[in-house]
Amino acid sequence: MVEQAVAETPGAGVKPDQHGSVERSDAEAVNKKEHRSLYQKRIKIYPKLAKGAFRRWKWVIMAVTLGIYYLTPWIRWDRGPNTPDQAVLIDFPGRRFYFFFIEIWPQEVYYLTGLLILAAIGLFLITSLAGRVWCGYTCPQTVWTDLFIAVEHKIQGDRAARIRLDKAPWGAEKIFRKAATQIVWVIIAIGTGGAWVFYFADAPTLMGDLLAFQAPPVAYITIGVLTFTTYLLGGFAREQVCTYMCPWPRIQGGLLDEESLVIAYNEDRGEPRGARKKDTHPDNLGDCVACNQCVAVCPMGIDIRDGQQLECITCGLCIDACNTVMDKVGLPRNLIEYSTLANVERVRAGEKPRLRLIRPRTIIYSGLIVVVGLIMLFSLITRSDLDLSILRDRNPLFVTLSDGGIRNGYTVKITNKQHNERSFRLVLEGLPESRLSVVGSGADAEALTVGPDSLASYRVFATVPRAALQDSATDIRFRIIDGNGEETINNSVFRGPEQ
Amino acid sequence: MADHKEIDQVSGVETTGHEWDGIRELNNPLPRWWLWTFYACCIWALAYWIVMPAWPLISSHTEGFLGYSSRAQLAKSVERARDAQSVYLDRIDAASLEQIAADQELLDFALAGGRSAFAVNCSQCHGSGAAGFVGYPNLNDDDWIWGGDLDAISHTIHFGIRSDHDETRFNEMPAYGRDELLTREEIDDVAEYVLSLSNSGSDAAAAARGEVTFAEQCSACHMEDGGGNYELGAPNLRDAIWLYGGDKSAVVESITNSRAGMMPAWTGRLDEATIKKLAIYVHSLGGGE
């Protein structure tokens, strides 16, 4: 076991290049294959702050994704009286899921399934096109880890300062900086857990209750659990989550092909690497100036020059770091770049690199997305706000009455998804001479009322004279019609004695 | 093995020295987090032994400091369920059957409770769907022997039929054949007449002869028109429903040997609220008057 808390030599964080202006790091890739055993203590990574296009993108995406997460529960959406006015609300006690203009009942949970299928195939498509962009930019683990590192950076300084601080003996400054970092982390973690519960209750009400310690215990427990996991995963587990806990990096192995975007170090151009005097480019050296900046900025603790690795989340920060150095030493940019494995081979063979976006797998994924999307759209558009279900009594199948008539019992369930009470006329078709009666005082087959946004259940008896019955099983239809003429039908069967 | 270390050439890791088919086991240390989780589990297990019932003894087991038992937990949850129901049960106790039937909330509660009480106590004879069997009345239909309004049903459930309770519903039809009150031929004629009441007879001459005997022997209970009498528990012979079968041999058998089914009295076995719930439930099955 390598007992090494910090993969640095003491006192050394940054040494200026003796020969040029390039900042040189002796950062070691702690997750380098040779260094890493699966069975060792985690070696802490001190990612340096990169500057460049990808870093800017990551800030923007972090702001957008966190913004969506924190603000969504506070968006209001008017649905009329007696309904929640929260745009996105998972209402467990009321058994509804509200999403802007869509209201989903428990029996329609297949919409959520469809959404998950779409999300999964979408992820497959993005991965086969652009590699692990989900991991690098939008995964909550990445976003929160990035946020936690940014806090660290603000309070403790950049990589070198953080390493120095860790090595320094405990004193007032160290205690202050470490404590401040932890406090800000905990605040972020509480905010993360806190925002989650707002998706499950009216946000302003719950906020008031939470602050007044009046909220239900489950809210505090949820916040507590999520606070703990956010703090643990964002502050400490970090890249270990991606490498050891998350199945997605492994699944992606099957989704990527040689035409998918990956981050590639142009070995042919870069090697042999080595330090050089300013503005000189010795013939025996490639373009890599061996400044190790790509390693220093890597949040996963790997060296991209070692080639493709499971740990690489393709965040692009090494590209930023390398380009900064290339600009400084006057060499062409993109020694490390987004490329494809096929393009690396093409360049090697003297061909022009190109992007093949249309490939069998991207066509299949796109096709699946279109099909699933259209099915969901169709069912959403044609979805009725009225539902009729008929449960026929099975025990007894039928009852013989004293006048010889035959009676069947049915449970009629009417779902009214409108936000006003409706009254329905229940009609039985396909059974001549039949008579309908509804169980319960005051219940009338001419006017079955169903409350707003709810389900009503009625026991209904259908009776026919024995002579009118032609068969032991007669196909029948129940039809409900409301005052505006809107109607829906459901089929059932009327049973009688064997003829 | 202990004295000399064997190093795997490929990984550079020490091996355990165990080898199977040329595959050597690497002696990698366990991950720290795994090890700590393992220790934590050990401590948890020890604590569990102490505070929870754990070790079997010869005739009992260690109780544990928390005094937990699944039996006590069940009793507690039954208690909780009772408490939750008590608000309804109190109202059921206080209300009359008509009041319960008119109050939708109480009615729903009574129907649900009645359904489960029926399944436990009544379904053995009347069937789980209350459709009965030969000799056991179908409670779904609109034909009643002792009356089908709420109070009559409640009375029947309370005291039973030919039960050992003093207030039981009781009647006794003579065994006309066995006790030689009527001859075979007379019984046959009466049976034809009874069947003709529901238009299922086949011998009009026999029925005409039987009508005279019926007026003499049967009409006191079954009424002159054969329509039956709730007060006496005499079945209606004009309708399409036959408790013991409606073909001629079954009717002849009924006249010859009589019929006397019995139902136990439920008062004293079931509490008042349960009997009320049962009456409401049976009444709701479709034939309640």
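**Exercise 1. Locate W36(B) in the predicted model and decide whether W36(B) is buried or exposed.**

Solution. Begin with the secondary structure: W36(B) lies in helix α1 of chain B, which covers residues 32–51. Next, take the relative accessible area of W36(B), which is 59%, and set this value against the cut-off, by which a residue counts as exposed over 50%. W36(B) is therefore exposed. Finally, consider the surroundings: W36(B) belongs to a nonpolar surface patch that also contains L30(B), W33(B), W34(B), F38(B) and Y39(B), and together these residues offer about 720 Å² of accessible area.

**Exercise 2. Describe the fold of chain B: how many helices and strands does chain B have, and what percentage of the residues of chain B count as buried?**

Solution. Counting the elements gives 11 helices and 2 strands, and their order along the sequence is β-β-α-α-α-α-α-α-α-α-α-α-α. Turning to burial, 34% of the 289 residues of chain B count as buried, while the accessible surface of the chain comes to about 17700 Å², with 56% of that area on carbon and sulfur atoms. As for contacts in chain B with a separation of 6 or more, 52% are between residues 24 or more positions apart.

**Exercise 3. Characterise the contact between chain A and chain B: what area do the two chains bury between them?**

Solution. The size of an interface is often expressed as the accessible area lost when the parts come together. Here, chain A and chain B bury about 1400 Å² between them, with 55% of it on carbon and sulfur atoms. The contact draws on 17 residues from chain A and 21 residues from chain B. Examining the polar side, one finds 6 residue pairs in polar contact between chain A and chain B, both residues being at pLDDT 80 or more, whereas the count of salt bridges between these chains is 0.

Methods:
Residues are numbered from 1 along each chain as its sequence is written. Chains are lettered from A and ligands numbered from 1 in the order in which they are written. This is a predicted model: local features need pLDDT of at least 70, side-chain atom pairs count only at pLDDT 80 or more; totals for chains, interfaces and linings use all residues. Side-chain values use heavy atoms; hydrogens and water are left out. Patches are made of residues with over 30% relative accessible area and no salt bridge: like charges are joined within 9 Å, nonpolar side chains (Val, Leu, Ile, Met, Phe, Trp, Tyr) within 5 Å. Accessible areas come from the Shrake-Rupley method with a 1.4 Å probe; for residues, only the protein chains shown count as cover. A salt bridge is a side-chain nitrogen of Lys or Arg within 4 Å of a carboxyl oxygen of Asp or Glu. Helices (H or I, at least four residues) and strands (E, at least two) are DSSP runs, numbered from the N terminus. Buried means under 20% relative accessible area, exposed over 50%, partly exposed in between (1.4 Å probe, protein chains only). Contact means heavy atoms within 4.5 Å. Buried area is the accessible area (1.4 Å probe) that two parts lose on being put together, summed over both. A polar contact is a pair of N or O atoms within 3.5 Å; within protein, one must be able to donate a hydrogen and the other to accept it, and residues adjacent in sequence count only if both atoms are side-chain atoms.
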